[in-house]
Amino acid sequence: MAAVAPTRAEVLSLFRSLLRTARQFSDYNIREYTRRRAADAFRENRALSDAPAAAAAFVDGKKQLEVAKRQAVVYSLYAPKAKNIMEMKLQ
Amino acid sequence: MALSRRLLPVLLRRGGCLSAFPSAARALSTAAVPADAEEEEAVTIKGVRISGRPLYMDMQATTPVDPRVLDAMLPFYLSRYGNPHSRTHLYGWESDAAVEEARARVAALVGADSREIFFTSGATECNNIAVKGVMRFYRDRRRHVITTQTEHKCVLDSCRYLQQEGFEVTYLPVRPDGLVDVAQLADAIRPDTGLVSVMAVNNEIGVVQPLEEIGRICREKGVPFHTDAAQALGKIPIDVNQMGIGLMSLSAHKIYGPKGVGALYLRRRPRIRVEPQMSGGGQERGIRSGTVPTPLVVGFGAACEIAAKEMDYDYRRATTLQQRLLDGIRGQVDDIVINGSMEHRYPGNLNLSFAYVEGESLLMGLKEVAVSSGSACTSASLEPSYVLRALGVEEDMAHTSIRFGIGRFTTEEEVDRAIELTVHQVKKLRDMSPLYEMAKAGIDLKSIQWAQH
């Protein structure tokens, strides 16, 4: 099956889903990383001009979204009671 | 950028993670604020009370498991729990397939062949097999080992063990910047030298040794070259053929993989043989007996695959963050020494010594930042780090060294907070320090005759 490049709407929807899933991580570092890495990856791949490369990146992005969704649940199941210092108000 | 502008109000409206805005939540409630709401979240351990979990900057000790790695591992704890050496059923077959796939991923990251990778319990076990195993196999013709004074304890301890068995070991000194003198190494090689062991990236000071040069010399002289690449794997590019590496120790938990697994690279052409240290059923081609732990190995493979993709991104980020950390601290306090070469360094490892500050008290005051002084392996004793001593660092400066580890998940805010906490603590201690007063007044501390009472 020929690789079809994703539409702009599909890409934006995937990006929003990734950011939404990132917010659901109970761990500060993972949450920030997911958000940042997604933003940087989409920004970098914006320049991808040929269809197969863009399609491959999109498929990879969808896979990462599935992983992120599962792991957000796992991390919240085992979230420690004490918050990370970075998440607390400055004394 | 139009995209982020549109998303920003969405994020703010949702409030993100509610715990980040406790005041907002409380403002909507009419219930009285419980007196000890904050206290509940504090952590008390070993008599120390911290308000929350510290920010983690000790990446050289260990790294958090990447969620993508955990995702790859979980099925093997839940339903695919077979023993990879079971030949008779699906559970064994699928477990074996997963192990072999992981093996290929580890091999790809270092430019090796799958058949050259052997799974072990970690880099310490690999170092033991490499040092003791090689020398014992060739014990009739090779009686000499060359290593450096800044190697990991397991290498040094294995060498000491060999000395008791009658082998000779040369512990090469390093220059003040932590790098080994390659000419000196070449001179030290004898006709009966059986192994040269030099670690790729030092765990305490982050210095990167000239592997290609050392590999070239070892290849010319026909001596196997072993490198402990536990801190280097996935962080700097490694190619076993370009670097002339004969044996290599790899560890999973330094590259966002699980603890308890590592791999030994053993060259096939020319073949390097070792005497196995674990006797048993002959798993891993007889090199390392024992059931291969499928979930851990799969995690290691996933970590290597991710590292291959993310190496450039992570390296650039670590460089930026390290510069931010250094500038931030140096901009506010003076009399700081960076231990180890700045040019030949992996940027995620910054070891600083603060003059006129007592090390233990500095660490005690930094309980909201998880950092270390000396390496985790030697911190049980109070002796100053032997690595810093090998660099020629004075005892008092060695005691006051702090190692900051920056990794894939470190944020700019964490670096800023670490700077703030460190500077605050250093200034506080220096204010109390009579030695600092005297030094600022221009007195040379070395010239003081301390009176006996």
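Which residue of chain A does Asp71(B) form a salt bridge with, and how far apart are the closest N and O atoms? The partner is Arg70(A), with those atoms 2.6 Å apart.

This is a predicted model, where local features need pLDDT of at least 70, side-chain atom pairs count only at pLDDT 80 or more, and totals for chains, interfaces and linings use all residues. Residues are numbered from 1 along each chain as its sequence is written, chains are lettered from A and ligands numbered from 1 in the order in which they are written, and side-chain values use heavy atoms, with hydrogens and water left out.

**View 1. Salt bridges and polar contacts between chain B and chain A.** Asp71(B) and Arg70(A) make a salt bridge, and the count between the two chains is two (a side-chain nitrogen of Lys or Arg within 4 Å of a carboxyl oxygen of Asp or Glu). There are also 13 residue pairs in polar contact, both at pLDDT 80 or more. Such a contact is a pair of N or O atoms within 3.5 Å; within protein, one must be able to donate a hydrogen and the other to accept it, and residues adjacent in sequence count only if both atoms are side-chain atoms.

**View 2. The wider face that chain B turns to chain A.** Here 38 residues of chain B meet 32 of chain A (contact means heavy atoms within 4.5 Å). Together the chains bury about 3,500 Å², 58% of it on carbon and sulfur atoms; that is the accessible area (1.4 Å probe) that two parts lose on being put together, summed over both. On the chain B side, Arg53(B), Tyr313(B) and Arg417(B) lose the most area to chain A, together 17% of what that side buries.

**View 3. Strand β9(B) between its neighbours.** All five residues of β9(B), 247-251, are buried (under 20% relative accessible area, 1.4 Å probe, protein chains only), so the strand is largely enclosed by the rest of the structure. Leu247(B), Ser249(B) and Ser251(B) point one way, Met248(B) and Leu250(B) the other. Strands here are DSSP runs of E, at least two residues, and helices runs of H or I, at least four, numbered from the N terminus; two strands pair if DSSP finds at least two bridges between them. Three bridges link β8(B) to β9(B) in parallel, with Asp228(B) partnered by Ser249(B). Five bridges join β9(B) to β10(B), antiparallel, and Met248(B) sits opposite Tyr265(B).

**View 4. Val426(B) in helix α15(B).** Val426(B) lies in this helix and has 0% relative accessibility, so it counts as buried. Leaving aside neighbours within four places in sequence, Val426(B) touches Val333(B), Phe354(B), Val357(B) and Leu362(B).

Key:
Buried < 20%, exposed > 50% of the residue type's maximum accessible area, 1.4 Å probe, protein only.
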